[in-house]
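Visitor: I'd like to go through this model and hear the reasoning behind the labels. Could you show it to me?

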Amino acid sequence: MVAVKRIVLGVSAGIASYKAALLLRLFKEAGHHVDVIPTEASLKFVGLATWEALSGNPVRTGVFEAVDTVNHVRLGQMADLVVVVPATADILARAAAGMANDLLTGTLLATGAPVVMAPAMHTEMWEHPATRANVATLRSRGITIIEPAVGRLTGKDSGAGRLPEPEEIFAAVAGYLADSSAARPGSPKASAASAELPLAGKIVAISAGGTREPLDPVRYLGNRSSGRQGIALAKAAMAAGARVRFIAAHMDQPAPEGVELSTASTARQLQVAVNQAARGADVLIMSAAVADFRPAEYVDSKIKKSDEHADPVITLVRNPDILALLVADRTHEGAASDLPPMIVGFAAETGDAENSVLDYGAAKLARKGCELLVVNEVGENLTFGTDENSITILSADGSAPVHATGSKDDAARAIIDAVASALAV
Ligand code: CTP
């Protein structure tokens, strides 16, 4: 049975506000109570009558209406979830500045409920430094900002800034509606929620699988990663209440249900996808096995034995270190960065006569600069493609290493527990 939630649906003035009407229907069909708070300007796009008819509740825009009910704080205080769809550059700016000059911004200040905003605007406005800074500020306060989709905008132009479809927004907030005690971090409801769902309201980006570096149209340099550890991590993160952005390189099974999926084949494609998914996430887990090198040259027709008398020699060049570059970007951007404060690396290591697997792991943790490093011993019959795993989680803050042995699900739960404890400090 679905627990009935009180949702505040804020609507700001964008052409995409008609999609908020469809989202409202989805909320109502799922049995929830919805109070719509449009901004005054948004009524030029969709009128009051539509919101009142679809929600079945009175709708107001200003703080001086229904003053007897202290509406400007009441709706926010009673809400289980506040969703702003579409969120214009203007509402992001006013919310980031903490303004309360209409009913919607007043509600955003008064609520202790989780807040999810789905921006929609032209690409130039989305990419403007002012909007980037406002988004980073709002995210740093625990507000979830859904990345706009890339596609056709209002006119003939297209780019990043399109409002995701109502079904996608509905799916993105479903976790808040299922969790009976979900709350914005720091609010009174949050402590109760955090015990059961330690990653409630958090966004976790996870890369998984192995990259392939093409030599010619039929051959590639690859690795033996199956993606199973990344899949197990995604499931464990979702079970802990997180929203998961899953970046899949090549895997031997499908990505799990319920993630926001993007795919990549080569290391350089993975870098683009990871950089995008990491923005605004609370955690990035780099479980993908990224090829350190790629062929210097891609031959665009199949290399033939008969082409040369001598055997071919493949020259390799270095791929970007995705994880280390993100850590460097985060340091460079400083406090305003919307890159994850928690970056988790993996180290697939073999020991040798001089150093143990953990010695190499500790050196790699220092070199990469991430917060946690999951070290596992690899070999032909260890880890890759199997269901069993033995890991050690090393922490940059010097806490004692955590060991876990068992299935990849067991390892994933240990990693997610370590992430949740590190975030809670
Ligand atoms: N990684 C990455 N980009 C690369 C290579 C690796 O982001 N080009 C990430 C992996 O996803 C993993 C971590 O870095 O989380 C460690 O990868 P690994 O290949 O074990 O380490 P390397 O830095 O490549 O070091 P070495 O090959 O010398 O062991």
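Guide: What follows is a walk through a predicted model, with each label set against its cut-off.

Visitor: Let's start with S17. Why is S17 called buried?

Guide: Buried means under 20% relative accessible area. S17 comes out at 0%, so S17 counts as buried. You'll find S17 in helix α1, residues 17-29.

Visitor: What does S17 touch, leaving out residues up to four places away in sequence?

Guide: V11, S12, F45, V46, W51 and P86. There's also a long-range pairing to look at: S17 and L163 are 146 residues apart in sequence, with 9.2 Å from C-alpha to C-alpha.

Visitor: Now the salt bridges. How many does a search of the whole structure find?

Guide: The search turns up 18.

Visitor: What makes R6 and D35 a salt bridge?

Guide: The cut-off is 4 Å between a side-chain nitrogen of Lys or Arg and a carboxyl oxygen of Asp or Glu. The side chains of R6 and D35 meet at 3.4 Å, N to O, so the pair passes the 4 Å test. R6 sits in strand β1 (residues 6-11) and D35 in strand β2 (residues 33-38), so the bridge ties together parts that are 29 residues apart in sequence.

Visitor: Are R6 and D35 buried or partly exposed?

Guide: One of each. Partly exposed covers what falls between under 20% and over 50%. R6 has 27% relative accessibility, so R6 is partly exposed. D35 has 9%, so D35 is buried.

Visitor: How do you know that D321 and K368 form a salt bridge?

Guide: Their closest N and O atoms are 2.9 Å apart, and the limit is 4 Å, so the label holds. This pair links distant parts of the chain: D321 is in the loop between β15 (316-318) and α12 (322-333), K368 is in helix α13 (residues 357-368), and the two are 47 residues apart. D321 itself has a relative accessible area of 31%, so D321 is partly exposed.

Visitor: And what makes R330 and E371 a salt bridge?

Guide: Here the closest N and O atoms are 2.8 Å apart, so the 4 Å limit is met again. R330 belongs to helix α12 and E371 to the loop between α13 and β17, 41 residues apart. R330 is at 15%, so R330 is buried; E371 is at 21%, so E371 counts as partly exposed.

Visitor: Which residues are linked in a network of salt bridges?

Guide: R132, R139, E147, R279, E333 and D338.

Visitor: Why is N57 called buried?

Guide: The value for N57 is 15%, so N57 falls on the buried side of the 20% line. N57 is in the loop between α2 (48-55) and α3 (71-78).

Visitor: How do you know that N57 makes a polar contact with H33?

Guide: The two side chains come to 3.4 Å, and the cut-off for an N or O pair is 3.5 Å, so the contact counts. Neighbours within four places aside, N57 is in contact with H33, V34, D35 and E52. D35 is the residue that bridges to R6.

Visitor: What about R94, buried or exposed?

Guide: Buried, because its relative accessible area is 11%. R94 is part of helix α4, residues 89-97. Apart from residues up to four places away, R94 touches T39, M99, N101, D102 and T105.

Visitor: On to the nonpolar core. Which residues have the most contacts inside the largest one?

Guide: I206, F246 and I285, in a core of 34 residues. Several elements supply at least two residues each, among them β8 (203-208), α10 (228-239) and β11 (243-248). The largest share, 8 residues, comes from α14. Beyond its neighbours within four places, I206 is in contact with residues including L233, V244, F246 and I285.

Visitor: Last stop, the ligand. What surrounds it?

Guide: 15 residues, the closest being M286, A288, F346, K364 and K368. K368 is also the salt-bridge partner of D321.

Visitor: What makes M286 a polar contact of the ligand?

Guide: A backbone N or O atom of M286 lies 2.7 Å from a ligand oxygen, so this is inside the 3.5 Å cut-off. A polar backbone atom of P320 is 2.9 Å from a ligand nitrogen, and a backbone N or O atom of I322 is 3.1 Å from a ligand nitrogen. The protein covers 79% of the 570 Å² of accessible area that the ligand has on its own.

How values were computed
Residues are numbered from 1 along each chain as its sequence is written. This is a predicted model: local features need pLDDT of at least 70, side-chain atom pairs count only at pLDDT 80 or more; totals for chains, interfaces and linings use all residues. Side-chain values use heavy atoms; hydrogens and water are left out. A nonpolar core is a set of buried Ala, Val, Leu, Ile, Met, Phe, Trp, Tyr and Cys residues joined through side-chain atoms within 4.5 Å. Buried means under 20% relative accessible area, exposed over 50%, partly exposed in between (1.4 Å probe, protein chains only). Helices (H or I, at least four residues) and strands (E, at least two) are DSSP runs, numbered from the N terminus. Contact means heavy atoms within 4.5 Å. A polar contact is a pair of N or O atoms within 3.5 Å; within protein, one must be able to donate a hydrogen and the other to accept it, and residues adjacent in sequence count only if both atoms are side-chain atoms. A residue is near a molecule or strand if one of its heavy atoms lies within 4 Å of it. Accessible areas come from the Shrake-Rupley method with a 1.4 Å probe; for residues, only the protein chains shown count as cover.
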